[in-house]
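Here's a walk through one fold, starting from a single residue and working outwards. Have a look at the model first, then follow along.

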Amino acid sequence: MFKKDAGYYVLIILIFILLKFIYKFSDCNDLQFLLKPTSKIVGFISNSPSVFIPDTGYFHEKMNILINKSCSGFNFWILCLTLLLFSAANLLQNNRQKIAAIFILFIGTYFFTLLVNSSRILISFLVSKILKQYAIPAEWMHQATGTFVYLFFLISIYLTFTHIFHKTTFIKISKNEKPA
């Protein structure tokens with residue numbers, strides 16, 4: 001199985017390395033494709049308009065938060081993409097499907113990242129607001145909340161993805177079988 005899919009696995013690893021390389025040398029201006037929609041979603045849900053500060057990020061004055069490069073969700077996006085591409089290698093039958101999966105998952109995980117990252121920012125904001133009321137330091141909670149939210153969504157998307165593919169594979173096999 002590995003030899004058959006070796007080229008696909010190498011391609012996934014190269015995509016991952018390329019995206020990590022791009023992220024390393026990017027700034028807030030380069031990450032507008034993630035930062036702007038995330039800021040709009042956060043602003044819409046929290047009724048907090050933002051202002052873009054070049055080379056810094058989106059500042060939400062009402063919430064007193066800054067959505068910058070570290071809040072872009074880029075690392076989550078490439079992790080989610082890589083996870084699902086490796087899963088697709090085991091679930092899809094031919095190379096055409098696997099190449100199509102790269103493009104479909106590239107776009108699908110982008111939109112999923114916007115949803116998850118906006119959720120993470122809003123949940124972190126709410127947690128820090130609650131902790132402030134009890135005079136509990138929220139420094140490490142921001143990181144812990146982000147880790148929990150990202151891990152929860154990564155596990156959820158993986159389980160959903162594999163469940164959907166196993167179910168459709170089972171249905172295809174069942175329809176092709178002839179009754180005894």
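## Starting on helix 4

Let's begin with Ile 123, which counts as partly exposed because its relative accessibility is 36%, and partly exposed covers the range between under 20% (buried) and over 50% (exposed). Keep in mind throughout that this is a predicted model. Ile 123 sits in helix 4, the stretch covering residues 95-133.

Who does Ile 123 touch, leaving aside residues up to four places away in sequence? The partners are Thr 145 and Val 149. There's also Gly 146 to look at: 23 residues separate Ile 123 from Gly 146 along the chain, and their C-alpha atoms are 8.4 Å apart. Gly 146 turns up again in the pocket described further down.

## The overall layout

Stepping back, the protein has 5 helices and 3 strands. Reading from the N terminus, the order of elements is α-α-β-β-β-α-α-α.

Of the 180 residues in the protein, 38% are buried. As for contacts, take those with a separation of 6 or more: 69% of them are between residues 24 or more positions apart.

## The sheet

The three strands make an open sheet, ordered 1-2-3, with antiparallel pairing. Strand 1 (50-53) and strand 3 (65-67) are the edge strands, each pairing on one side only. From one strand to the next, the twist averages 30 degrees. Helix 2 (residues 32-46) packs on this sheet and touches strand 1, strand 2 and strand 3, with its direction at about 10 degrees to that of strand 2.

Now for the pairings. Strand 1 and strand 2 (residues 57-60) run antiparallel and are joined over 4 bridges. Within that pairing, Val 51 is opposite Phe 59 of strand 2, and Phe 52 has Tyr 58 of strand 2 as its bridge partner. As a rule, side chains in a regular strand alternate between the two faces of the sheet. On the other side, strand 2 and strand 3 are also antiparallel, and 3 bridges connect them. There, His 60 is bridged to Ile 65 in strand 3.

## Two hairpins and a buried serine

Both hairpins have a residue with positive phi that's worth clicking on. Between strand 1 and strand 2 the hairpin has 3 residues, and Asp 55 takes a positive phi near 65 degrees. The hairpin of strand 2 and strand 3 has 4 residues between the strands, and here Asn 64 takes a positive phi near 60 degrees.

Asn 64 leads us to Ser 48: the two are 16 residues apart in sequence, and their C-alpha atoms are 9.5 Å apart in space. Ser 48 is found in the loop between helix 2 and strand 1. Is Ser 48 buried or exposed? Ser 48 is buried, because its relative accessibility is 0% and the buried class means under 20%. Not counting residues up to four places away in sequence, Ser 48 touches Gly 43, His 60, Lys 62 and Met 63. That list includes His 60, the strand 2 residue whose bridge partner is Ile 65.

## A buried threonine in helix 3

Over in helix 3 you'll find Thr 82. Thr 82 has a relative accessible area of 15%, so Thr 82 counts as buried. Once residues up to four places away in sequence are set aside, Thr 82 touches Ile 12 and Phe 16.

## The second largest pocket

Last stop: the second largest pocket, which holds about 310 Å³ of space. Its lining has 18 residues, and those closest to the pocket's centre are Ser 70, Arg 120, Gln 143, Gly 146 and Tyr 150. So much for the centre; what about the walls? Helix 3 (74-91) and helix 5 (139-176) each supply at least two lining residues. Helix 5 gives the most, with 7 residues.

How do the lining residues divide into nonpolar, polar and charged? There are 8 nonpolar, 8 polar and 2 charged residues. Gly 146 brings us back to where we started: this residue is among those closest to the pocket's centre, and its C-alpha atom is 8.4 Å from that of Ile 123.

Terms used:
Residues numbered from 1 in each chain as written. Predicted model: local features only at pLDDT ≥ 70, side-chain atom pairs only at ≥ 80, totals over all residues. Heavy atoms only, no water. 1 Å grid on protein atoms, 1.4 Å probe; cavity = no way out; pocket = protein on both sides within 12 Å on 5 of 7 lines; lining within 4 Å. Points joined across faces, edges and corners; volume = space filled by probe spheres on them. Nonpolar A, V, L, I, M, F, W, Y, C, P; charged D, E, K, R; others polar. Pairing = 2+ DSSP bridges. Axes fitted to C-alpha atoms, helices over the stretch in contact; angles between N-to-C directions. Contact = heavy atoms within 4.5 Å. Buried < 20%, exposed > 50% of the residue type's maximum accessible area, 1.4 Å probe, protein only.
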